[in-house]
Amino acid sequence: MNVHFEDQETEYALSTSEFVMKANKQWTFVATCFNLRDENRTASRDGDKELLQLCNYYEEEESVPDLDDDSDDSIPFEIFAEQGMRISWTPGASHSTVSTLRLSSMLRLESRQQIDPSYEEPDDIPQDSLLSEKEDIETAFQGELQCSNAQKMGLKKKITSKLARIAEDNWIPTEEYLSELVALLNDAKDDTEAQEKVRNVDMKVLTSLLTAYRATCCDLDVGIFQVLQTLEKFGTDLSDLQPLVFGTEATKNYENLRKMGLDLHVRITPDDAIKTYFDAATLWNTTKYHVRPLTEENAEKIYDVRFVLRFFNSILHPASSLTSKLFVEHNCLALLFSCTSSTDSSVRTLAFACLQKFVNHLQELNTEIFTEKALILYLIRIFKHSFDSAVPRISSIITHFFARVSKLMLNPSSDVYPQIMAFLCMKPIFDIQNVPEFYKLLFSSSPEHHTEEREWVLTLISEAMLEPIDYQVLQNRAGIKLLLSSFASVWLDRKSRALILRTLQNAVQMPSVAHDLFTREGLHIWITSIIQSARFNRWEKNFLAQVFCSLLENERKYQRGEKGKDQTCKAATAAARICSKKIMTVLDTISKDPQFTGEQKKAVASIERIEKSIGKKWKKKKKFNTTE
């Protein structure tokens, strides 16, 4: 059975009132005609009430009768007859409730539309029906009415005026202007007319946005990226501008495109695009730090991986003229490995897609021949065969290892090259749950290159300690215990100790990791014993004090939080106070030495942080205490 709202009667159609009068049936029989199940009618009247509301959609002031199971009342004909609702039978009716019934109908609102008197539309705007399309019917039954025609036209006018302003030569991008434009575009996500108007935006607008874009993570570049992304979702074709080069260097390229047209314009080659518009050092910084939270300091020093991956995806097409060796040398492959550690699933998906495209590009028949081609192909295959799921999130320690090895393969003269390549060739399957060659490199037995091999793996760990998953991978090899026990050893030089300190500093920045280091590893006790040793200089002691301060602050946050317990809080407070006295004694000595002004200021700052942490409450907050 289908419900139709029509002006013209069909051969098998009856109005509701005629049907009920002719059948002389009670309300429960009407529910039967609408295929309501018996158990629904006997147990609850929700379906009946919903049916009444559907039929009574027009007049809000009319009350819906509250029917109970024992009611023998006849149907309130006035509710149905005024609406001209007609019921027609068609074969193949489903036995679903009204809640799941698909109302395939044509609805036409008559002159009695309820319009807010406080809002008057201009006379020059046609007063069309608010619900003129078939797809609007379901939203109408759900009580969701779209904005009026004047509001729609006002939204389109605002968007087009702002986009036209961008096309002007004297336009200067600002964060406020872009945020307003992004908000307007988001408001138009359900407005097909506005999207149709924006879809065919002038090429000058797109080129102005791209020339002002730097592909970094600062607020201005993020706003431009959001505008471009939204326009692309609305259907704007960006293929004519491929490859999407950016910055002031791209101004001449886009000017030639507008003057000469697509037929005569010579597109920039992938090699020139990478060498001209991407800095290799910035790509490497992005590889190392894009997973970390953004700050004002590093936002402009790393690229936005969302744009970079889309750029790589556009140039890695079949029969591309891209030079594979340049792609590896310029740290592009390293970035693809690193992006598989991103928390954003769309970024990981793009990274894996680009890796597969690069594999296909390496296997294509072309004139490019370089010695390391087979090794690069082997490295990517090992990486892909190391996990089972489609788009997994991999630890930064693993992805940084592959990123570093991709650069190492082009440098056979490196001291660690033989050890790393031997490791890769011996194991066709890679263990992504452990630090690669951690024991062999940390306790290297090489008579010539043991220092370089140790520093290589310690650098990997210190830079990749970004999230708790990285800490867990290191702990699978008892990594923290080994680093702490090795710190005071005579075979460890100053540079290796600095790398261990940076690893600890990155680890204690994570609250859950800091709590584990405090309770299970006893890091605060270890720092107290090490800092009093005369073997270490002022810089190392100040670094240890900074690690201790971060450890105390995060442990206090943990004890004040929901997981804090009274017994552990008392033990943690007592241990923190005992250790703080010993550490502040050492720092007080450094702060009184005027010979080293920089270390003196660091010691004073650490003392203030310790006193502040100890002086605050450590007990669990009252709002987290459960009342029995």
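# Two helix pairs in a predicted model

Visitor: In this predicted model, at roughly what angle do the axes of helix H28 and helix H29 cross?
Guide: Helix H28 covers residues 523-531 and helix H29 covers residues 538-560. Their axes come within 10 Å of each other, and the angle at which they cross is roughly 160°.

Visitor: How are H28 and H29 oriented to each other, roughly parallel or roughly antiparallel?
Guide: Angles over 145 degrees count as roughly antiparallel, and the axes of H28 and H29 cross at roughly 160°. The two helices, H28 and H29, are therefore roughly antiparallel.

Visitor: Which residues of H28 and H29 make the contact, and how many of them are nonpolar?
Guide: From H28 come Leu523, His524, Trp526, Ile527, Ile530 and Ile531, while H29 brings Lys541, Leu544, Ala545, Val547, Phe548 and Leu551. Sorted by class, the contact of H28 with H29 has 1 charged residue, 1 polar residue and, for the nonpolar class, 10.

Visitor: Why are H17 and H18 described as oblique to each other?
Guide: Helix H17 (residues 332-339) packs with helix H18 (residues 345-363) at an angle of about 140°, and their axes lie 8 Å apart. Roughly antiparallel helices need an angle over 145 degrees, and roughly perpendicular ones 65 to 115. The angle of about 140° fits neither range, and therefore H17 and H18 are oblique.

Visitor: Is the crossing of H17 and H18 left-handed or right-handed?
Guide: Where these helices meet, H17 offers Leu333, Leu336, Phe337 and Cys339, and among the residues they meet in H18 are Val347 and Phe358. The sense in which H17 and H18 cross is left-handed.

Technical notes
Residues are numbered from 1 along each chain as its sequence is written. This is a predicted model: local features need pLDDT of at least 70, side-chain atom pairs count only at pLDDT 80 or more; totals for chains, interfaces and linings use all residues. Side-chain values use heavy atoms; hydrogens and water are left out. Axes are lines fitted to C-alpha atoms, for helices over the stretch in contact, and angles run from 0 to 180 degrees between N-to-C directions. Helices (H or I, at least four residues) and strands (E, at least two) are DSSP runs, numbered from the N terminus. Angles under 35 degrees count as roughly parallel, over 145 as roughly antiparallel, 65 to 115 as roughly perpendicular and the rest as oblique. A crossing is left-handed if the near helix is turned anticlockwise from the far one by less than a right angle, and right-handed if clockwise. Contact means heavy atoms within 4.5 Å. Ala, Val, Leu, Ile, Met, Phe, Trp, Tyr, Cys and Pro count as nonpolar, Asp, Glu, Lys and Arg as charged, and the others, Gly among them, as polar.
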